[in-house]
Amino acid sequence: MKSERENLNIVVVGHVDHGKSTLIGRLLYDTNSLSSGAIEKVKKISAEKGKSFEYAYLLDAFEEEQKQGITIDITMIQFFTKKRDYVIIDAPGHKEFLKNMISGAASAEAAFLLIDAKEGIQEQTKRHGYILSLLGIKKVYVIVNKMDLVDYSEERFNELQQQFNEYLSNLNIYPEKYVPISAFNGENVTSKPKSMPWYRGDSVIETMDNIEKEKGIDEKALRFPIQDVYKFDSRRIIAGRIEAGTLKKGDEIVIYPSGKTTRVKSIEVWQEKDKTNVVKAGMSVGITVEDEFFNKRGEIICHKEERHVSTANIFNANIFWLGKNKLEKLKTYKLKLATQEIEFEVLSFNKVIDAVSLDSNEKLNAIKKNDVAEVTIKTKTSICFDAFSDTPALGRFVIIDDYNTAGGGIISSAEGSIKRGANEVKSKNIAIRKRLVSKKQREEALNQKGKVIWLTGLPGSGKNEIAVKLEKKLFDLGKKVYYIDSACLRFGLSSDLAFTKDDAREQTRRIAEVADLFADSGTITIVSSVSRYKDHREYAKEIIGNENYIEVLIEATDEICKKRNPNAFEIASEDAFKYEKSEYPVISLNISDTEFNSDKKAESIIELINL
């Protein structure tokens, strides 16, 4: 049986007339990927125009385009080498067709960005670099074309490389390599360059073949959006399409945004002949689970031990507006992402690119048709998403305005999103700023995961004594750790709060906000807080994020608590011994007056949470 060949999508972008079509045409010609009829046609057209053979014409889809001398629509053309098959996406460079360039680049796994060696970096070259940044394309190769026009100068090549690196680094783009070529003369396209003996790197074709393809979608972290839940006899079947990863009977799963865990009990089929215990990305399936949760459309199923989906209600996105009416700041629209549908508003337009002029404007309250914008979005409640480059189906969305599809968007990064059902923000001119250091990078540098260990329980239960011992033991183990005592916050950040239920919720929110910042820095953060109401702790968990929050309940009898801390019960006499337990999995430590040993309890926590 013939094995299936690997496929890779590459988008080619750059300023108009910098040689994109010529490069692709040369690649097709030199690798015999075109029919003799196509080549003869180009020879005829070139002769009619009084030109030598024009490789760029091989890609022009219509005679009208050839007469205009510009490429308008996206050209997607198949191309192959001995190693694998390619889809080359020739995206327009002319400024009037920026929207088409964006839609073409969105499906690419790598990008070639062309620069004319003589003209150098143009404004549109920078814009295209910016668009690649918006789309989150990580593998970018800069092709310096028309080296023949600068006498194949190594000095000019190095100069352009330095200039462009300075610009791209501000966009978080770090090119894999720079490749000097002359597409028209065939220098360094499919063979080593004779005119550039100083260059010892790969040719364009070698560069393409050396691009490491991302692992298959079925090998990525599980993403299973719930389409619906059906009741058959005694079974509740969760149905949907697996967008990434592989799912097996018996797998331990987490259902977001709730964070509830369970196991796959069965994979359901209509006919016995289709019975299987394994399903993969691209398949529409039905499953049952061991625990009876109230599942609903829009929730996302992930594996417990894999990278979790991001959950937030404030995040940055890059949108393309196609509506007949303007997209307005703070107006309510509907967002559709996978099976989720939620109302949202644009909190701010952080950067807007006019599709015709390519001008950038950062002080707008609305954008018009065909504009591209980097925005901060706030949804009515938290949604689940990934960066587009990680899981395309969970990183792109559609915008509905007045029942009509009016635009689309891409989430380029989950970094900096706000993981909460946030209070109404009074300041409207705010945005989440991009950062150059991610949480993952900080965690790798510290060799640990940023987490919040939330010690909860009644006053006098012993949580504070355990917390200080836990901090010391983790510190002695070489961990970066910090203990936040909620009582200390009462003297500063929360000095304006009393001990009412509403103020207790606000105190929990403030602690969670601070703890989340510490965890984002890669620090293991310990919190000790009564937080007696389960909805308050669920709020804290939502702010911090399911994957970063570990709740430990320190249980002790009412008598023990009152004996150890009588003053606390006088202050809050109304709810003196009230404590609402959480419904999600919680580590629970039982404390007795005679056996209490904070050292041992701290050691137990370290062992149980396996930091």
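**Backbone exceptions, cores and helix packing**

In this predicted model, leucine 330 sits in the loop that links β16 (327–328) to β17 (333–337). Its phi is positive, about 70 degrees, although leucine 330 is not a glycine. With a relative accessible area of 34%, this residue is partly exposed, since the partly exposed class runs between 20% and 50%.

Asparagine 188 makes a good companion to leucine 330. Its phi, near 65 degrees, is again a positive value in a residue other than glycine. Asparagine 188 belongs to the loop between β6 (177–180) and α7, and it is buried because its relative accessible area is 0%. A further point of backbone interest is the peptide bond between tyrosine 256 and proline 257, which is cis, with omega about 15 degrees. Proline 257 falls in the loop between β10 (252–256) and β11 (260–268). As background to these cases, most residues other than glycine have a negative phi, and most peptide bonds are trans.

Turning to the interior, the largest nonpolar core has 52 residues, and those touching the most other members are Ile10, Leu23, Ile88, Phe112, Met147, Val204 and Met208. Strand β4 (residues 110–116) supplies the largest share of this core, six residues. Beyond its neighbours up to four places away in sequence, valine 204 touches Leu23, Leu27, Phe112, Ile143, Val179, Ile181, Asn188 and Val189; the list thus includes asparagine 188, the buried loop residue with positive phi described above. Apart from this core lies another, of 32 residues, with Ile300, Val309, Ile319 and Val346 among them.

Helix α1 (residues 20–30) is largely enclosed by the rest of the structure, because nine of its 11 residues are buried. Leu23 and Leu27 are among the buried residues of α1, and both are contacts of valine 204. Threonine 207, in helix α7, is also buried, at 2% relative accessibility. Outside its sequence neighbourhood of four places, threonine 207 touches Phe112, Tyr141, Lys177, Val179 and Asp202.

After helix α7 comes leucine 222, in the loop between α7 (204–209) and β7 (224–232). Leucine 222 counts as buried, at 0% relative accessibility. Setting aside neighbours within four places in sequence, its contacts are Ile242, Ala244, Gly245, Thr246, Leu247, Ile301, Cys302, His303 and Glu306. The C-alpha atom of leucine 222 lies 9.0 Å from that of lysine 280, a residue 58 places away along the chain.

Two helix pairs round off the picture. Helices α10 (residues 463–476) and α16 (residues 598–609) have axes that come within 8 Å and cross at roughly 60 degrees, and are therefore oblique to each other. The crossing of α10 past α16 is right-handed. On the α10 side, Glu465, Ile466, Lys469, Leu470, Lys473 and Leu474 make the contact, while α16 contributes Ser598, Asp599, Lys601, Ala602, Glu603, Ile605 and Ile606. This contact has six nonpolar, one polar and six charged residues.

Helices α12 (residues 501–520) and α13 (residues 534–544) pack at about 25 degrees, with axes 9 Å apart; they are therefore roughly parallel to each other. Their crossing is right-handed. Residues including Ala504, Thr508, Ala512 and Ala515 in α12 meet His536, Tyr539, Ala540, Ile543 and Ile544 in α13. By class, the contact of α12 with α13 divides into seven nonpolar, two polar and five charged residues.

Terms used. Residues numbered from 1 in each chain as written. Predicted model: local features only at pLDDT ≥ 70, side-chain atom pairs only at ≥ 80, totals over all residues. Heavy atoms only, no water. Helix = DSSP H or I, 4+ residues; strand = E, 2+ residues; numbered from the N terminus. Buried < 20%, exposed > 50% of the residue type's maximum accessible area, 1.4 Å probe, protein only. Contact = heavy atoms within 4.5 Å. Axes fitted to C-alpha atoms, helices over the stretch in contact; angles between N-to-C directions. Parallel < 35°, antiparallel > 145°, perpendicular 65-115°, else oblique. Left-handed = near helix turned anticlockwise from the far one by under 90°. Nonpolar A, V, L, I, M, F, W, Y, C, P; charged D, E, K, R; others polar. Core = buried A, V, L, I, M, F, W, Y, C linked by side-chain atoms within 4.5 Å.
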